[in-house]
Amino acid sequence: QVQLVESGGGLVQAGGSLSLSCVASGMTWMINYMGWWRQAPGQRREMVAVQTSTGRFDYADSVKGRFTISNGNDKNTKYLQMNSMKPEDTAVYYCNARGYSDSFGSFDVWGQGTLVTVSS
């Protein structure tokens, strides 16, 4: 169906910036929702920034004004630019893609995750 490959992540100091990228391959024409989620140790996975099926960009309140999700040259690539980072942004960040087609049904695919650590 769809495969996701993430890159970026790493260690950054508080106040710094980091960028993540996610490239989708396979039956990408089925994707109608794609974005970024994160999971901190001992916490539930939460939405960070996504582009919905209507094309709207949604952000978690905790990252509004600091993080920006954008498209690459084609809609199969999503970037997450993270600025003014805080220690509480430390988490494993996952790319997520969802979609549906009459032929193949629905899918909900996750990338392998990339660790982002913000030091204080």
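## Strand pairing and salt bridges

Val12 stands opposite Val118 in strand S11. The model is predicted. Four bridges join strand S2, residues 10-13, to S11, and the two run parallel.

S11 also pairs with strand S9, residues 91-101. Here three bridges form and the strands run antiparallel. Val92 stands opposite Leu115 of S11 in this pairing.

The side chains of S11, residues 114-119, alternate. Thr114, Val116 and Val118 point to one face and are buried. Leu115, Thr117 and Ser119 point to the other face and are not buried. In a regular strand, side chains alternate between the two faces of the sheet.

**The four-stranded sheet**

An open sheet has four strands in the order S1-S3-S8-S7, with antiparallel pairing. Strands S1 (2-8) and S7 (67-71) stand at the edges with a single partner strand each, so one side of each has no neighbour in the sheet. From one strand to the next, the twist averages 15°.

S1 and S3 pair antiparallel over seven bridges. Gln3 stands opposite Ser25 in S3. Six bridges join S3, residues 18-26, to S8, residues 77-82, again in the antiparallel sense. Cys22 has Lys78 of S8 as its bridge partner. Leu18 has Met82 of S8 as its bridge partner.

**Salt bridges**

The structure holds six salt bridges. The table lists three, including two that involve Asp89.

| Pair | Closest N and O atoms |
|---|---|
| Arg38 and Asp89 | 3.0 Å |
| Asp89 and Arg66 | 2.8 Å |
| Arg56 and Asp58 | 2.8 Å |

Arg38 forms a salt bridge with Asp89. This pair links distant parts of the chain: Arg38 is in strand S4 (residues 31-39) and Asp89 in the loop between S8 and S9, 51 residues apart. Are these two residues buried or exposed? Arg38 is buried because its relative accessible area is 6%, under the 20% cut-off. Asp89 is buried too, at 0%.

Asp89 also forms a salt bridge with Arg66. Arg66 lies in the loop between strand S6 (57-59) and S7, so its pairing with Asp89 ties together parts that are 23 residues apart in sequence. Both Asp89 and Arg66 are buried. Salt bridges that share partners join Arg38, Glu46, Arg66 and Asp89 into one network.

Arg56 forms a salt bridge with Asp58. Arg56 is partly exposed, at 45% relative accessibility. Asp58 is partly exposed as well, with a relative accessible area of 23%.

Key:
Residues are numbered from 1 along each chain as its sequence is written. This is a predicted model: local features need pLDDT of at least 70, side-chain atom pairs count only at pLDDT 80 or more; totals for chains, interfaces and linings use all residues. Side-chain values use heavy atoms; hydrogens and water are left out. Buried means under 20% relative accessible area, exposed over 50%, partly exposed in between (1.4 Å probe, protein chains only). Two strands pair if DSSP finds at least two bridges between them. Axes are lines fitted to C-alpha atoms, for helices over the stretch in contact, and angles run from 0 to 180 degrees between N-to-C directions. A salt bridge is a side-chain nitrogen of Lys or Arg within 4 Å of a carboxyl oxygen of Asp or Glu.
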